[in-house]
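Reader: I am new to this structure and would like to learn how to read its features one at a time. Could you show me the general idea first and then the case here?

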Amino acid sequence: MSGRVVRERIDPRLTAALFANYRTPIDALLELIDNAVDSRVAGRALEIDLALRAGHITLTVVDGEGMGPRELEREYLRWGGSRKRAGERIGRYGQGGKAAIGHLGGTFSIIASSAGDPAAHGFTDEDYRDRTKLRTYELRESRKPVDALLGYVRIEIGEVDRKIDARRVGTRLGDVYRPLLSAGDVVMRIDKAPVVPTEWPVEERKDFSVRAGGRIVRGWYGLILDPPPSAIEAGMRLYHLGRLVGAPEWFGHPGPAVHPGLNRLIGEIELPHVAVTLNKSDVERGSPEWEAVEARMYRLLRPLVRRLTREEAVAASPQALRTADQVRRILARALHLLESGKLFESEITSGPGSGVEGQLTMEGYVDRAEGEGEPAAEEGGESDGPGAEPSVPPVRSGGPGRGRRSGVGEVVIRSLDPRLRSAMEEEDGVRRVVINSRYPL
């Protein structure tokens, strides 16, 4: 009895699902630029020009490998297939660039030419987001707009329905491709303005080259000048072939949320042999290569982390203290009102603390500890002196029982990880709300 033959099939509508594989339009742009970076030729600077207009994006890549008719058909238009290999190219899944175009706009055209080819070839799709069937295109030959020896690719995306800020794109590119830009391997321009690699005010920089998982990994680490700028996020940046992957890493060590002194640690490490996720948002943390790197870097950074955690907390700037003090006062009022049961009450009569139509508001409310009649200092009043950490009276319960402490003892200002608004901690039996003076309010 013969068995029935069954085959795998693919619905072309699956490709439309890949269009949504990006959190932001900038992430989709990065996917296109990753493909361009993969085409660079050793010893030559790749030039990438990005033009951003309302409803229109143009990406031009010169002096890379380029693409001819064969590459356009067998590589560019092939979903899920790629000759790229791990450790050799940034992208290797055969879907990123095509999906990125569908995420950004409804139409696109491409003109490309291999290095050494005197002519260019291309095609246009006027309804790219219609994925009811796979596409068939007729290539058109055209004059190559650059020298025949240079590789050339030009992608134009129309009907762009995503809002893209050129300044934010430039900042992101300067961060994501910082090593390649700094080394001059890649030159990027947005609307003819050069993309500048991100620079940090670093002291005590130390380069390292260590063996992890049978491979030599290289990078550097150091300390940001004290106090560190709030715009700089501490931690070790992970790069895969010169491309930033994920958020800063601590390799098992506690971050700035545990001790503010760690806000000064920064560095970079190149990991070409560690696989990354499909959208390059992180490394594959379950891989043996990553586990080996994590263990080795933990040991390498341990002396510096121990030193920073033993130092005094990084002093916050006067401006950050003033901003955090305003937040502290508002939070202290909210806690006092919440404990007294008046935070969501409405007052019939007008007066201090009453807003529109008698609604109780935070404006004009006077902080009072139980049993005390003197109001606390308001904004604009006397301070504790230049550079001093603002003090705050303990917030007490408004319920019965004189002197009974509330669930939150104090509100203090301290430098934490910039991603945190605040944190709760307990020390010597006293619970505190810690407001982050470095949070970008």
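Reader: Where is P227 found?

Author: In this predicted model, P227 is found in the loop between β10, residues 215-224, and β11, residues 235-240. A peptide bond is read by its omega angle, and the bond that joins D226 and P227 is cis, with omega at about 0°.

Reader: Which strands form the open sheet, and in what order?

Author: A sheet is read by following which strand pairs with which. Here eight strands form an open sheet in the order β5-β4-β3-β6-β2-β1-β7-β8, and the pairing is mixed. Because β5 and β8 (193-194) stand at the edges with a single partner strand each, one side of each is left without a neighbour in the sheet.

Reader: How do β7 and β8 pair, and which residue stands opposite A193?

Author: β7, residues 186-190, pairs with β8 in the antiparallel sense over two bridges, and I190 is the residue that stands opposite A193 in β8.

Reader: What does helix α2 touch in the sheet?

Author: Helix α2, residues 25-38, packs on the sheet and touches β1 (46-53), β2 (56-62), β6 (152-158) and β7, while its direction makes about 155° with that of β1. Helix α5, residues 166-176, packs on the sheet as well, touching β1 and β7, and the direction of α5 makes about 165° with that of β7.

Reader: At the β5 end of the order, is strand β4 mostly covered or mostly open?

Author: To read burial, one takes under 20% relative accessible area as buried. Strand β4, residues 119-125, is mostly covered, since six of its seven residues are buried. β4 pairs in the antiparallel sense with β3 (residues 107-113) over five bridges, where S109 stands opposite T124, and also in the antiparallel sense with β5 (residues 140-143) over four bridges, where H121 stands opposite E141. The hairpin of β3 and β4 has five residues between the strands, and G116 takes a positive phi near 95° in that hairpin.

Reader: Which residue in the loop between β6 and α5 has a positive phi although it is not a glycine?

Author: That is E159, which is found in the loop between β6 and α5 and has a positive phi of about 55°. E159 is exposed, with a relative accessible area of 54%.

Reader: And what is the phi of K192?

Author: K192 has a positive phi of about 75°, although it is not a glycine; its place is in the loop between β7 and β8, and K192 is exposed, with a relative accessible area of 77%.

Notes
Residues are numbered from 1 along each chain as its sequence is written. This is a predicted model: local features need pLDDT of at least 70, side-chain atom pairs count only at pLDDT 80 or more; totals for chains, interfaces and linings use all residues. Side-chain values use heavy atoms; hydrogens and water are left out. Buried means under 20% relative accessible area, exposed over 50%, partly exposed in between (1.4 Å probe, protein chains only). Two strands pair if DSSP finds at least two bridges between them. Contact means heavy atoms within 4.5 Å. Axes are lines fitted to C-alpha atoms, for helices over the stretch in contact, and angles run from 0 to 180 degrees between N-to-C directions.
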